[in-house]
Amino acid sequence: MNSFVPDAIDHKGDPADRTKTGGWTSAAQILGIEVCERLSTMAVVVNLVTYLVGTMHMPSATASHIVSTAGGTAYLLCLLGGIVADSFLGRYWTIAICAAIHAMGTCLLAISTTLPNLRPPPCNPALSYNCEAANNLQMGIFYLAMCLISVGIGGIKSSVSGLGTDQFDQKDEKEKAQMAHFFDRFYFVISSGTLLGVTVFVYIQDQVGRSLAYGICSASMTVALFVFLLGTKRYRYKKPLGTPIFQIIQVLVAAVRKRKAVFPSNASLLYEDTSRESRLYHTDKFRCLDKAAILTSKDSGSPNPWRLCTVTKVEEVKMLIKLLPIWATTIIFWTIHAQIVGFSVQQASTMDTSLGKFRIPPASLYAFFIVSIMSTLAIYDRLILPLLKKSRGSPGFTNLQKVGLGLFFSMLGMAAAALVEKRRLSVFGAHRSTMTKSATLPISAFFLLPQFMIVGIGEAFIFSGELAFFTTNAPKGMKAISTGLCLTINSFGMFLSTTLIIVVRNVTGRKGGHDWLTPRINDGRLDNYYCLLALLNLIDLGLYILCAIRFKPTSSDNAPKMNGAVDTPPHEENE
């Protein structure tokens with residue numbers, strides 16, 4: 001067996017020796033960055049509304065809007081981080097720089113919660129209705145800290161999975177099998193960071209102080225960055241393949257400029273000069289883009305990439321476009337995820353959260369969601385996967401099957417949520433006349449566990465399957481962009497959730513109708529809203545299945561009877 005890994009180099013730029021580079025040790029050092037990012041981000045975000053309302057004296061609606069906007073923006077920046085990684089810095093340097101930026105953001109947040117001048121004075125108990133709001137400087141420091149954290153998230157998330165999979169050689173059967181486990185274990189490990197953030201670190205914030213919790217978050221990211229840098233000599237790197245974003249634009253521009261060009265009689269007459277080991281062969285999908293590879297009389301001499309692109313470059317753009325239907329049909333899941341974070345916690349706040357003599361904070365029920373994710377991944381990795389290998393000889397569910405399972409479980413989760421909410425409203429109706437507005441309903445909040453845990457099962461499948469799908473089906477030089485595109489689904493899911501809430505309120509509350517989503521949850525019909533989400537999920541699942549059936553991966557091993565034919569006679573261009 002060749003000791004060198006094809007298409008991979010070491011830190012010196014020499015061919016990577018598989019005995020000295022890559023593998024699980026290198027992947028673990030890379031994952032450490034993502035674990036600390038999840039820990040820090042979730043420790044900050046999950047308890048941020050209470051900070052903005054209680055300390056910065058902002059209205060609750062404004063505080064919620066700031067938090068959701070920050071989350072949506074961070075995931076949108078993943079796409080920008082992917083472009084920067086693939087086009088300019090590379091995944092290694094993008095992770096290193098953005099980890100440092102993230103640590104600076106949490107450090108600045110710790111400082112702002114420590115210095116009295118960077119937060120408004122506490123409310124006067126006698127004038128609690130007239131608290132002094134944070135001034136422009138104080139909010140400016142807060143926004144700067146959140147911007148730094150968002151930039152850090154965008155760069156880290158877009159590159160960690162790509163650099164992690166680079167540590168395994170897909171052409172080696174043993175390492176290919178190891179990479180099959182990577183994405184399941186990847187999400188299990190980072191979920192442990194999330195669980196730690198929403199439990200231990202939230203407790204530290206509430207019982208000891210936010211400055212200490214945020215300071216520990218910053219320190220943990222700094223330590224993870226140091227460990228990441230220690231592995232520099234052991235990592236495998238991919239050779240830079242140009243600037244992908246320009247390549248995409250060039251193919252589109254060339255195809256438009258040659259929109260009137262006549263297709264050659266044989267696809268082998270299209271332009272190609274890529275080496276055989278890196279070549280992608282022509283496919284019949286999106287044939288309008290093939291016009292970018294048509295040789296015309298105006299293409300003599302040195303090829304102009306804005307007029308003439310190779311078949312391989314065209315096929316790489318096609319590969320990225322083919323991911324979009326899967327991307328679009330999974331947005332609804334992250335819309336449902338937003339409901340678990342928002343409305344489910346509101347439901348819990350009206351219910352009895354006692355466990356014996358201990359009272360669980362409503363927001364801490366989210367921990368059951370994380371535990372469900374981790375349990376599902378562990379059971380799949382240790383029980384289901386070996387059974388599938390033994391009974392069917394298969395390496396487990398395919399990535400698209402995992403995504404489909406995720407959508408199915410999210411639909412079941414919303415159906416369960418609707419039933420529980422219907423029960424909760426009936427309890428409220430039975431005690432309406434004897435209850436005050438702030439009283440707790442005589443129904444246990446643990447009735448909410450099915451919706452947390454079922455949607456958690458769905459997320460375990462959909463996130464690991466989706467991330468693996470986008471990473472493994474992306475062109476070699478566009479992995480970070482593809483990962484960033486995958487992560488923007490979260491952002492669009494959050495924005496769709498906000499839009500859907502506005503539409504539902506406007507429609508149901510029109511002309512004196514019964515608003516489903518009233519400010520006071522007991523006066524609304526959240527059960528109807530959950531039923532609507534379950535129905536939308538069912539429709540989306542049907543569309544997803546159609547898209548998944550139609551998806552055909554592109555491979556460099558599909559060598560047909562075709563060669564690049566640079567020396568063939570050019571076709572006339574009818575312009």
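# Side-chain contacts at a glance

Tyr366 and Phe369 both sit in helix α13, which covers residues 366-392, and they are three residues apart, or about one turn of the helix. Keep in mind that this is a predicted model. Here's a quick tour of its aromatic rings, its charged side chains and its cysteines.

**Aromatic rings**

- Searching the whole structure turns up 21 aromatic pairs.
- One of them joins Tyr366 and Phe369: the ring centres are 5.2 Å apart and the planes meet at 35°, so this pair is called tilted.
- Tyr366 and Phe369 are both buried, too.
- Phe408 and Phe409 make an aromatic pair as well, this time edge-to-face, with 5.9 Å from centre to centre and 70° between the planes.
- Why those two numbers? A pair of aromatic rings is described by how far apart the centres are and by the angle of the planes.
- Phe408 is partly exposed, at 34% relative accessible area, and Phe409 is partly exposed at 21%.
- There's also a group to look for: Tyr92, Trp93, Phe228, Tyr235 and Tyr237 form one aromatic cluster.

**Charges over rings**

- Which ring does the charged end of Arg287 sit over? Find Phe263: the charged end of Arg287 is 4.5 Å from the centre of that ring.
- Lys322 has its charged end over the ring of Phe551, 5.6 Å from the ring's centre.

**Salt bridges**

- The whole structure has 12 salt bridges, according to the search.
- Arg91 is a good residue to click on, as its side chain meets that of Asp86 in a salt bridge, at 3.9 Å from N to O.
- The side chain of Arg91 also meets that of Asp166 in a salt bridge, and here the N to O distance is 2.4 Å.
- That second pair links distant parts of the chain: Asp166 is in the loop between α5 (136-165) and α6 (173-207), while Arg91 is in helix α4 (residues 91-114), and the two are 75 residues apart.
- Are these residues buried or exposed? Asp166 and Arg91 are both buried, with Arg91 at a relative accessible area of 9%.
- Asp86 is buried as well, at 11%.
- Over in helix α14 (residues 399-431), Glu421 and Arg424 are three residues apart, which means about one helical turn separates them.
- The side chains of Glu421 and Arg424 meet in a salt bridge at 2.8 Å, N to O, and both residues are buried.
- Finally, Glu34, Glu37, Arg38 and Lys157 are tied together in a network of salt bridges.

**Cysteines**

- How many disulfides does the structure hold? The count is zero.
- As a reminder, a disulfide is a covalent bond between the sulfur atoms of two cysteines.
- Take Cys107: its closest cysteine sulfur belongs to Cys217 and is 11 Å away, so the two are too far apart for a bond.
- To count as a disulfide, the two sulfur atoms would have to lie within 2.5 Å.
- Cys107 counts as partly exposed because its relative accessibility is 35%.
- Cys486 is in no disulfide either, and the nearest cysteine sulfur, in Cys78, is 9.3 Å away.
- Cys486 is buried, with just 3% relative accessible area.

Definitions and conventions:
Residues numbered from 1 in each chain as written. Predicted model: local features only at pLDDT ≥ 70, side-chain atom pairs only at ≥ 80, totals over all residues. Heavy atoms only, no water. Buried < 20%, exposed > 50% of the residue type's maximum accessible area, 1.4 Å probe, protein only. Phe/Tyr/Trp six-rings, centres within 6.5 Å; stacked < 30°, edge-to-face > 60°. Helix = DSSP H or I, 4+ residues; strand = E, 2+ residues; numbered from the N terminus. Lys NZ or Arg CZ within 6 Å of the ring centre and 35° of its normal. Salt bridge = Lys/Arg side-chain N within 4 Å of Asp/Glu carboxyl O.
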